[in-house]
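Notebook open. I wanted to look up some strand pairing and some helix packing today.

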Amino acid sequence: MILARSRFFGVYGALCFVYLFCGLPACFGESAPPAADDYQLELMQRAEGLSLSGRREWNVLLFYRQRGGGHKSIIDDPRFFLSPNGKTDPDAELEATIRGLFAPAVTGDDHPRCRFPARYQWLKGELGIDPARLPDPACAKLDEALKAVDPRSAVLVFPAAHNNGPASMFGHTLLRVGSSYQSELLSYAVNYAAHSTDTNGLVYAYKGLFGHYPGYFSILPYYEKVKEYSDLEHRDVWEYGLRLSPAEVERMVLHIWEMRGIASEYYFFDENCSFMLLFLLESARPELRLTNDYWDRWGFWVIPADTIATLRRAGLIDTVKYRPSQATRISHRAGLLDDVARQQALDVAMQRLPAADAAGSGSPVEERRQVLDLAAEFVQYRYSRKELVQEEFQTQFRSILKERSGLGPGDAAAGAVPAPPQPEEGHLPGKLAAGAGIRRDRPFLELSWQPAYHGLLDPDAGYTMGAQINFISVTGRYYPEEDQIKLQSFHPVDIISLAPRDLFFQPFSWKVTGGLDRKTFSDGEDELFLRLNTGGGFAWNLPHTDSGIAYIMAEADLNLSDRLDRKVALGGGGTAGLLANLSDRWKVHLSATGLFYAIEESQYYRLALDQHLNFSRTAALLLRAGWERSYDLNRAEAGLSWVRYF
Amino acid sequence: MKRILLAVVLTLIYATAAMAASARSNTGCGLGTIMWGNKADGSVMSQSLQATTNGLLGNQTFGITTGTLECSQPANVVNNEHLNRFVLSNMDNLARDIARGEGENLDAFAELLQVPVEKRAEFAARLQGNFEKVFSSDQVVLAEVIDNSLAVTH
């Protein structure tokens, strides 16, 4: 990491030199010859008299964070600073900025006034700068961008987790800057993302976790982002209208402009998109203190849904809008039709039934419209999944739309998907459970801790049912009879994705978990062992309910332990289960597992019934009962825990 | 770093151009235009990648113009880059909205064409009634869609 940082600076150092050589002011800083300008001196003295460099606004604009007695900007790119010491010296940076304003106007878009318009606007207001006494560079690119973006309002955009990709639960947040256009699609999106060209997932994860990727802001038409999330990734999107005035939004856009092409080290968990957007919002209204929440607490990650809660606490969230993805719209539309019509829509989309036949069937006209609307969306979905080539898609899509257009306008409400509970209304991501239980007639006390994120049994409001992603879950037990505290389990990662299959979608369900577990070995003792378990299978919604899932999975299970004859055992088997909400508050998970180990020639069976009763966003009761058979030894266990979400 | 980024951008532009060149001449300007890139959403890893790498090209920050140069331009409308780019990028969704007679993409299209609010319903109805004239063939392209839309609504 240190190596990478120094290399990073090395490259920029070289670039800086080039700029200096070309006469650009980017690296002038304190080494520049003092301009013999009385006005410049006057402004500097005024700034010093007002202690501007210590002001909140200046700290926000330069991303300064107080560290001990000093300051440090979280931006690493030297081009973001006019003073070579700008990263750590707010005074020097302010002075260099004032000096920069007096640079010859010939540099145009590269002039500090054009490059850092938010700093200029703020200084102009605070110091009462008379623009007539400054060089007047033409900021053609800035003017063009401001004209195009036309900032009036701001919306925080939060694409929710992908159905079958729990990793996307951490999600992404971006901003939409509303313009004078009525259509939201025509406004611009502000995005902060890591720049990576690595395709190896492990390299990517490692570098991402440790800040080896540069993060960049970008601005692009919102319709591009909508297409990406709705039509390509099939993720629902939440849009939170923010209470910001047009002047505040414009100030923020000027600040975003200052970040143009500026790199900052992107850390997946903390200095990520959600965190950086909080900074932008602070620049809109510097009185807001949004990032402090994260710096001051001990937790080290920023989950996008958390940032929404932060904005809500700050009173910034005004309206909430749900934008269902194409896959969600397909499911919704399919749910409105009866079995025959649903099958008909699928047949049209799969080219088994001509669109004209569906359009001319004897069904009521509104049903025929809905059949074709569903078929058209499903053809688009298949094309997005590359199940159709472009030529097939064009012919198929156009023939359906042609028939649909002949049926006239339909009931617009049919396509409107009711909004599910908002992501931030769900349970908090951390979990602490304390309880007691009994295993083979021996009582125990149990404590478990899990900093993130969502388990199969946790309430699903704001999350996806059947999508479990847990990090670093630890459970310890105390057996009074032995007066011993024992580690029961430790799972760095535990992911289960139960994705129900239906007429239109046939996803695979899968799971992967690893860490330390405890089970009964041949000597009858419960011992810790290292375990890696992964599996794949199918899941279906229980009929006549949208809150129950049945699943079946084949599994491979690798065990490492000194207790094993050859230290290692590899098993195969499977799990079948039922997960169901019996009421709004009561959730049940029934599962049966059988694993057969080749080297050891041993078997493991487990039958479990877990019940979860939730009382609020922060409190629940967990009741577990299970029976295990390991090395032909039977073990029954039951426990009751109080769960506190944090 | 800047040079690496530039190289990446150039490579992407070149690759995109090469893809367009190797296909039929108007590919990329008509229905089914979405550039999929490597955005298959089947694997776990690609999802976690997408969660953080969206719109990642630093050098394309504020990429406000460009995009429709390789397509033939509509004849009957003052060259409007914003309109062209929107239609190019959303042609499938726009076609779906036109066939249905309503929708967000159709609303945006009407706004870009500066159709007065009180005439939007009529605009939508005329487009729906003339779907086959607007999307005159499977290979219909950007310029034709805009020109045809104007022809049937004026």
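My entries on strands come before those on helices.

Note to self: this is a predicted model.

**Strands**

I began with β10(A), residues 431–439, and looked up its partners. Strand β11(A), residues 442–450, runs antiparallel to β10(A), and nine bridges join them. At one of the paired positions I found Lys431(A) opposite Gln450(A) of β11(A). The two strands make a hairpin with two residues between them. I checked the turn too: Arg440(A) has a positive phi there, about 50°.

β10(A) also pairs with β23(A), residues 633–645, again antiparallel and through nine bridges. Here I noted a glycine pair, with Gly437(A) bridged to Gly639(A) of β23(A).

**Helices within chain A**

Next I took α2(A), residues 38–49, against α4(A), residues 90–101. Their axes lie 10 Å apart at an angle of about 150°. Angles over 145 degrees count as roughly antiparallel, so that is what I wrote down for α2(A) and α4(A). The crossing is right-handed. From α2(A) I listed Gln40(A), Leu43(A), Met44(A) and Ala47(A), which meet Leu94(A), Glu95(A), Ile98(A) and Arg99(A) of α4(A). By class that contact has five nonpolar, one polar and two charged residues.

**Helices across chains**

How do the axes of α18(A) and α3(B) cross? I got roughly 25°, with the axes coming within 7 Å. The pair, residues 390–405 of chain A and 81–100 of chain B, is therefore roughly parallel. On the α18(A) side I have Phe397(A), Leu401(A), Arg404(A) and Ser405(A); α3(B) brings Asp92(B), Ala95(B), Arg96(B), Ala99(B) and Arg100(B). My class tally for this contact reads four nonpolar, one polar and four charged residues.

Methods
Residues are numbered from 1 along each chain as its sequence is written. Chains are lettered from A and ligands numbered from 1 in the order in which they are written. This is a predicted model: local features need pLDDT of at least 70, side-chain atom pairs count only at pLDDT 80 or more; totals for chains, interfaces and linings use all residues. Two strands pair if DSSP finds at least two bridges between them. Helices (H or I, at least four residues) and strands (E, at least two) are DSSP runs, numbered from the N terminus. Axes are lines fitted to C-alpha atoms, for helices over the stretch in contact, and angles run from 0 to 180 degrees between N-to-C directions. Angles under 35 degrees count as roughly parallel, over 145 as roughly antiparallel, 65 to 115 as roughly perpendicular and the rest as oblique. Two residues are in contact if their C-beta atoms, placed from the backbone, lie within 7 Å. Ala, Val, Leu, Ile, Met, Phe, Trp, Tyr, Cys and Pro count as nonpolar, Asp, Glu, Lys and Arg as charged, and the others, Gly among them, as polar. A crossing is left-handed if the near helix is turned anticlockwise from the far one by less than a right angle, and right-handed if clockwise.
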